[in-house]
Each structure stands twice: as structure tokens, then as C-alpha cells.
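User: I'd like to go through this one label by label and see what stands behind each. Can we start once it's on screen?

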Amino acid sequence: VPRQAPARRALSQAPRVATVRASVQRAEALVVQSRAAWLPTLSVNGTFTQLEGNRGLADRVLVAAQTGSANLQLAFPLLAVPRWLATQQAELAVEATKLDELEVQRALVSLVGRAWLTVELQHNLIAVSERARKTSLEQLELARLRQTGGLGTKLDLVRAQRELADNEGRLARARIDLTTSREVLGVLLG
């Protein structure tokens with residue numbers, strides 16, 4: 001298993017990382033929103049009124065049957081210090097959330113790395129425990145041969161049996177720890 005693959009997988013699937021990424025996007029959207037408050041605005045208004053006829057008094061027309069008006073307004077804030085400060089604060093918030101995202105990613109990669117190394121360590125520990133068990137079996141066989149040949153003692157045989165039992169216990173424990181380590185790594189990888 002390549003060392004970078006578990007970390008990349010965890011970063012792409014972890015809910016906490018996705019939450020922090022969404023926070024960064026929200027903070028960036030707030031910067032755009034705050035900038036909009038101090039950008040120029042252009043307003044266009046228009047009205048058109050259609051009456052059934054001219055309105056007037058005697059021979060004078062006071063209101064024509066068709067009237068229309070339009071206006072165009074361009075507003076540019078010359079001095080928008082509070083808005084500029086709000087934008088600056090929003091930009092600082094973006095930087096802070098980006099740093100949060102990096103910290104969450106760093107912590108997750110660290111956890112995944114530790115879990116992956118623990119799994120690798122457990123594999124090595126199992127290999128060592130299997131070799132120790134094999135050596136204990138050979139020692140027990142040697143102790144039996146020596147006792148049947150009259151060169152060994154009952155104490156040598158008991159010690160060899162005890163050593164074999166200890167090594168079998170260590171091997172069983174290492175296998176259990178490997179299963180637990182794999183489960184932890186699986187949880188981190190999602």
C-alpha cells in the first residue's frame with residue numbers, strides 16, 4: 001500500500017474536511033458580498049401611463065393621455081471606509097478558515113499515518129511472534145529429545161512448554177491488535 005494513498009482517500013472522504021471546505025467557500029462568498037457594498041451601482045427606472053383620454057380644464061390639457069418618464073442613476077461611493085473595513089475583516093476570516101482547513105487536514109493525515117504505521121507494525125510483530133513460536137516449538141522438541149536421552153531434566157521441558165505458551169499468547173494478542181488497528185484505519189478512511 002503506498003503511503004500517500006490512505007491519506008488522500010481520507011482527505012477526500014472525511015466529513016470534517018468537507019465541512020471545513022464549505023466554511024472556506026462561505027467565507028469567500030461573504031468577501032464577494034461585502035465588496036458589492038462599495039462598488040458602483042446603476043439604477044434605471046421607467047414609467048409609462050396610458051389613460052383613455054387627455055385630462056384637462058377648459059381648453060388646457062393638464063395630463064396627456066400618454067405619459068412616460070425614465071431616469072438613470074449612477075452612484076459611486078467616494079468614501080466607504082466602514083464597507084472597506086468590513087471587506088477587510090471578511091478577507092481575514094477567509095484566511096482564518098483556510099488555516100483551519102489546513103489544520104484539520106494535517107490532523108487527519110497524522111491520524112491516518114499513525115493508524116497505517118500501527119497496522120504495518122502489527123504485521124511485523126506477528127512475523128516476529130510466529131518466528132518466536134517456531135523457535136519455542138523447536139526448543140520444546142529438543143527438550144523432549146534430551147529428556148528421553150537422559151541428558152535433560154523435567155525443568156527444561158517445563159520451561160520450554162512455558163515459553164511456547166507465552167509465545168502463542170503473544171501471537172494471538174498481536175493478531176487481535178492487528179484486527180483492531182485495521183478497524184481504526186478503516187474508520188479513518190471512511
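User: What makes strand 1 count as lying largely in the open?

Analyst: Strand 1 covers residues 41–50, and of those 10 residues the number buried is zero. Buried requires under 20% relative accessible area, so strand 1 lies largely in the open. Keep in mind that this is a predicted model.

User: How do you know that strand 1 and strand 4 pair?

Analyst: Pairing takes at least two bridges between the strands. Strand 1 and strand 4 (residues 66–75) have 10 bridges, so they pair, in the antiparallel sense. For one such bridge, take threonine 49, whose partner in strand 4 is threonine 67.

User: Which elements does the chain have, and how do they run from the N terminus?

Analyst: The chain has four helices and four strands. From the N terminus on, the order is α-α-β-β-β-β-α-α.

User: Why is glutamine 122 called buried?

Analyst: Its relative accessible area is 9%. The cut-off is under 20%, so glutamine 122 is buried. Glutamine 122 sits in helix 3, residues 81–148. Leaving aside residues up to four places away in sequence, glutamine 122 touches Ala174, Asp177, Leu178 and Ser181.

User: And what makes valine 158 partly exposed?

Analyst: Valine 158 comes out at 41% relative accessible area. Buried stops under 20% and exposed starts over 50%, so 41% lands in between and valine 158 is partly exposed. Valine 158 belongs to helix 4, residues 154–189. The C-alpha atoms of valine 158 and arginine 144 are 10.0 Å apart, with the two residues 14 apart along the chain.

User: What does the radius of gyration of the chain look like against a compact globule?

Analyst: A compact globule of 190 residues would come in near 16 Å, but this chain has 40 Å. Along the principal axes, the C-alpha trace spans about 145 × 40 × 25 Å. Buried residues account for 22% of the 190 residues.

User: What share of the contacts joins residues at least 24 apart?

Analyst: Of the contacts between residues at least 6 apart in sequence, 73% join residues at least 24 apart.

User: How far apart are the mean positions of the positive and negative charges?

Analyst: They are 3 Å apart, taken over 25 positive and 18 negative charges.

User: Last one: how much of the accessible surface belongs to carbon and sulfur atoms?

Analyst: The share is 58%, out of an accessible surface of about 13900 Å² for the chain.

Conventions. Residues numbered from 1 in each chain as written. Predicted model: local features only at pLDDT ≥ 70, side-chain atom pairs only at ≥ 80, totals over all residues. Heavy atoms only, no water. Buried < 20%, exposed > 50% of the residue type's maximum accessible area, 1.4 Å probe, protein only. Helix = DSSP H or I, 4+ residues; strand = E, 2+ residues; numbered from the N terminus. Rg over C-alpha atoms; globule rule 2.2 N^0.38 Å. Contact = heavy atoms within 4.5 Å. Areas by Shrake-Rupley, 256 points an atom, 1.4 Å probe, with all protein chains shown as cover. Lys, Arg positive; Asp, Glu negative; His and termini not counted. Charge placed at Lys NZ, Arg CZ, Asp CG, Glu CD.
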